[in-house]
Amino acid sequence: MNQLDELLLTGLQFGRLVEKKYNYLEEKYDLRKIDLKILLYLDVSKDSNTAKCIVDTGLFTKGHVSQSIGRLRQRRMIDTVRDSEDKRCSRLMLMENAKTIISEIKMVDHEIERMITKGISDEELETMRRVAGKIINNINAAI
């Protein structure tokens, strides 16, 4: 196995770790992983708070985003508000019910980051982030 194969395998292992850590929140709140990720996205993105913006990240399909928005609205975690400048556009707004969940998601994400960066210096992390960014740019250019 070459180093690239090992890198890809590590990515799969990281995915398993995230699944394991998110599983608790999914069961506790009867939500799916995409629901948790969308809540976190809306908390961080502020102005990029439309379904189209979420789809444009390339992480989720339009159908999955639509289904997730429906679940989150039904559970009163988000609401849709017409854009004041463009009436065709609906903005997704977090409701108070989502605040506790978002806080827990951030704690889980922090725990995952702490676990996977254990024993790695800040300098090594910065180098890894820089190289990973270049790899992502190369992949995006090739697609």
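## Overall architecture

Helices, as the word is used here, are DSSP runs of H or I with at least four residues, and they are numbered from the N terminus. In this predicted model, the chain has six helices and two strands, and along the sequence these elements follow the pattern α-α-α-α-β-β-α-α.

Taken along the principal axes, the box filled by the C-alpha atoms of the chain is roughly 50 × 35 × 25 Å. Of the 143 residues in the chain, 27% are buried.

## Helix H5 and its two sides

Helix H5 covers residues 96-116, and because a helix should advance 1.5 Å a residue, its 21 residues should span 30 Å; the C-alpha atoms at its ends are 31 Å apart, which agrees with that expectation.

The buried residues of H5 are Ala 98, Ile 101, Ile 102, Glu 104, Ile 105, Val 108 and Ile 112. When the helix is seen down its axis, these buried residues fall within an arc of 165°, so they line one face of H5. The face turned away from that buried side carries exposed residues, namely Glu 96, Met 107, His 110 and Arg 114.

## Helix H6 and a nonpolar surface patch

Helix H6 is made of residues 122-142, and Val 131 has its place in this helix. With a relative accessible area of 43%, Val 131 is partly exposed, because this value lies between the limits of 20% for buried and 50% for exposed residues.

Val 131 also belongs to a nonpolar patch on the surface, which it forms with Ile 135, Ile 139 and Ile 143. Together, these four residues have about 400 Å² of accessible area.

## Cysteines without a disulfide

How many disulfides does the model contain? A disulfide requires a pair of cysteine sulfur atoms within 2.5 Å, and by this rule the count comes to zero. Cys 53 is in no disulfide, and the cysteine sulfur nearest to its own, that of Cys 89, is 7.4 Å away. Seen from the other residue, the closest cysteine sulfur to that of Cys 89 is the one in Cys 53, and the distance of 7.4 Å is too far for a bond.

The surroundings of these cysteines can also be described by their accessibility. Cys 53 has a relative accessibility of 24% and therefore counts as partly exposed, whereas Cys 89, with a relative accessible area of 19%, is buried, because the cut-off for a buried residue is under 20%.

Methods:
Residues are numbered from 1 along each chain as its sequence is written. This is a predicted model: local features need pLDDT of at least 70, side-chain atom pairs count only at pLDDT 80 or more; totals for chains, interfaces and linings use all residues. Side-chain values use heavy atoms; hydrogens and water are left out. Buried means under 20% relative accessible area, exposed over 50%, partly exposed in between (1.4 Å probe, protein chains only). Patches are made of residues with over 30% relative accessible area and no salt bridge: like charges are joined within 9 Å, nonpolar side chains (Val, Leu, Ile, Met, Phe, Trp, Tyr) within 5 Å. Accessible areas come from the Shrake-Rupley method with a 1.4 Å probe; for residues, only the protein chains shown count as cover. A salt bridge is a side-chain nitrogen of Lys or Arg within 4 Å of a carboxyl oxygen of Asp or Glu. The expected span of a helix is 1.5 Å times one less than its number of residues. The arc is that of the directions from the helix axis to the C-beta atoms.
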